Amino acid sequence: MSNETNETPSQGRKVGIARFFELLGRDLWPLYKSGILCVLGFLPGTALAVFGMMAGSALLTVVGGVVGGLVGGPFLSGMTDTVLRALRDEPGYWWNTYKRAWKQNWRQSLVPGALLGLFVGSWAWMLRAQAESGNTSTGLWVASFAGIFVCTGFFTWLLAQVPLVDLPLAQIAKNAGLMFFGFFPRTAAAALVLALYWGATLLYLPATILTILAFGFWLPVTIALMIVYPGLEKVFKLEETINARRDAEIEERMAQNQPKFDQ
């Protein structure tokens, strides 16, 4: 089977680490390519934010974060769509489905992406300022990391909805809040994965540049979405909807191919 396709939906799915390696064995190349495109999408804003950090400018750092999220948001949505299709074993040629998802979701992903960039830029500057001050209280550090946890968990649920549902941002945000608390153990696990990955990656820059090129966004997002996917499935009935749509398409093709007889 080509790595570009996902031809056979699994009937008895593996779970946990076995499921993770099943996805890698089947969809590694599409995941990697969508991840590289996501890295490239975030690169301009990230470069501006890094320059702001080096120049000691809070404004440039935050603006860079917003620009990065605004430009990179559609690419993050495209990668999220790729991961979700892999998780529900949906068949299709990756480049075709990626382009279609990008065109369908790019407008809806702009504001969530910008908000994510605002959060990342602001928190990066705040943590830098706290580290440099040398006298930050333990309570403030705890509050900072708690804020990272809350925002990471919230954005996991919010951004996962962008390629799935066509709803106003306010409704998507409300859904994210409800799922954040409704599936809190999954929220905590996904947020921990993302926080540890990005914390270690950013802490050891530039040594981790190769890590970003190899695993970038796709690895932590894949693991996080594996964790929260059962919640998304329960709320949105994803596979029931996909299967019904697939059955309808098959019936339509069969009807079109039936021979016609003169009356």
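Trainee: What makes the span of helix H1 (residues 16-55) fall short of that of a straight helix of 40 residues?

Mentor: A straight helix of that length would span 58 Å (1.5 Å times one less than its number of residues), whereas H1 spans only 44 Å between its end C-alpha atoms. H1 bends by about 80° at Asp27, with Pro30 following within four residues; the bend is the angle between axes fitted to the seven residues ending there and the seven starting there. This is a predicted model, in which local features need pLDDT of at least 70, side-chain atom pairs count only at pLDDT 80 or more, and totals for chains, interfaces and linings use all residues. Residues are numbered from 1 along each chain as its sequence is written, and side-chain values use heavy atoms, without hydrogens and water.

Trainee: Why are H3 and H4 called roughly antiparallel?

Mentor: Helix H3 (residues 94-133) and helix H4 (residues 138-161) pack at about 165°, and angles over 145 degrees count as roughly antiparallel, so H3 and H4 are roughly antiparallel to each other. Their contact (heavy atoms within 4.5 Å) includes Leu115 and Phe119 of H3 and Ile148 and Phe155 of H4.

Trainee: How do you know that H4 and H6 are roughly perpendicular?

Mentor: The axes of H4 and helix H6 (residues 184-203) cross at roughly 110° and come within 8 Å; since 65 to 115 degrees counts as roughly perpendicular, H4 and H6 therefore are so described. Among the residues that meet are Phe149 and Trp157 in H4 and Phe184 and Leu194 in H6.

Notes:
Helices (H or I, at least four residues) and strands (E, at least two) are DSSP runs, numbered from the N terminus. Axes are lines fitted to C-alpha atoms, for helices over the stretch in contact, and angles run from 0 to 180 degrees between N-to-C directions. Angles under 35 degrees count as roughly parallel, over 145 as roughly antiparallel, 65 to 115 as roughly perpendicular and the rest as oblique.
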